[in-house]
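Please read the following explanation alongside the sequence and the model. It goes from overall composition to the sheet, the cores, and then some local details.

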Amino acid sequence: MRYILNPLTNHPALESEAKTNHRLLWLDDLNWFLALAEFQRRTQHKEYFYFLLEVWCDQQRLLALPICCNTDGRYWSTLTDVYSPTADFMQAQNTPGNLNWQLLLQALSALQPGWVRLLLCPLQKQQCQDVINSEGAWFGAKYSFSTNWQASTTSVEAYWQQRPSQ
């Protein structure tokens, strides 16, 4: 396994994945995360660093996750904001959810051995279960930030088809 922390900057080498991976368009669009990182850097978290954490096996990327940390690298979190319905991995191949979280823990521990906290939010119920079922030195606390609106749908396409045209 190879672990990489790429800084999230407006670097032309970082390209959007939305063309090849059609889950949630914003979730796989690296440009969205680049813009979010730049917005947070300018307005909210000037002392934070923003990265794309990647896990590679041979020549294939297993997963990628936009994350951020404080200046000393001890406190990490998923790169989200109040409008993010979920935090999830950008993936090159499908792996079981609990393995993804286990790989994340291994990668962060290898790249930043002194890390103390990783805030994963917002997560859906299945994601929480996957974190709980993953192997590793996890100690977690699950709590709700809010009880905002949620849509029950089978896919993004089905959701948009159900919406009124107005």
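A residue is called buried under 20% relative accessible area, exposed over 50%, and partly exposed in between, with a 1.4 Å probe and protein chains only. The model is predicted, so local features need pLDDT of at least 70 and side-chain atom pairs count only at pLDDT 80 or more, whereas totals for chains, interfaces and linings use all residues. Residues are numbered from 1 along each chain as its sequence is written, and side-chain values use heavy atoms, with hydrogens and water left out.

The protein chain has 166 residues, of which 37% count as buried. Its exposed surface is about 10600 Å², with carbon and sulfur atoms supplying 52%; accessible areas come from the Shrake-Rupley method with a 1.4 Å probe, and for residues only the protein chains shown count as cover. The secondary structure comprises four helices and five strands, where helices (H or I, at least four residues) and strands (E, at least two) are DSSP runs numbered from the N terminus. Read from the N terminus, the order of elements is β-α-β-β-β-α-β-α-α. A contact means heavy atoms within 4.5 Å. Among contacts in the protein chain with a separation of 6 or more, 63% are between residues 24 or more positions apart.

The five strands form an open sheet in the order β1-β2-β3-β4-β5, with mixed pairing; two strands pair if DSSP finds at least two bridges between them. At the edges are β1 (2–7) and β5 (117–119), each of which pairs on one side only. From one strand to the next, the twist averages 30°. Axes are lines fitted to C-alpha atoms, for helices over the stretch in contact, and angles run from 0 to 180 degrees between N-to-C directions. Helix α2 packs on this sheet and touches β1, β2, β3, β4 and β5, its direction making about 75° with that of β1.

Strand β3 can be followed through both of its antiparallel pairings. Nine bridges join β2 to β3, and these strands run antiparallel; within this pairing, C57 has Q60 of β3 as its bridge partner. On the other side of the description, β3 and β4 (residues 75–78) also run antiparallel, joined by three bridges, and C69 has W76 of β4 as its bridge partner. Nine of the ten residues of β3 are buried, so this strand is largely enclosed by the rest of the structure.

Two hairpins connect these strands. The hairpin of β2 and β3 has two residues between the strands, and D58 there takes a positive phi near 55°. That value is positive in a residue other than glycine. Most residues other than glycine have a negative phi, and most peptide bonds are trans. Is D58 buried or exposed? D58 counts as exposed because its relative accessibility is 66%. In the hairpin of β3 and β4, five residues lie between the strands, and G73 takes a positive phi near 75°.

Next come the cores. A nonpolar core is a set of buried Ala, Val, Leu, Ile, Met, Phe, Trp, Tyr and Cys residues joined through side-chain atoms within 4.5 Å. The largest one has 20 residues, and W76, L104 and L118 touch the most other members. At least two residues of this core come from each of β2 (49–57), β3 (60–69) and α2 (97–111), and α2 gives the most, with six. Apart from this core lies another of twelve residues, including L30, Y50, A64 and C68. In soluble globular proteins, nonpolar side chains tend to be buried together.

The cysteines complete the picture. A disulfide is a pair of cysteine sulfur atoms within 2.5 Å, and a search of the whole structure finds zero of them. Why does C69 have no bond to C68? The sulfur of C68 is the closest cysteine sulfur to that of C69, but at 7.3 Å the distance is too far for a bond. C69 is buried, with a relative accessible area of 3%. C121 is likewise in no disulfide, the nearest cysteine sulfur being that of C68, 9.3 Å away. C121 counts as buried because its relative accessibility is 15%. The peptide bond from C121 to P122 is cis, with omega near -10°, and P122 sits in the loop between β5 and α3 (125–133).
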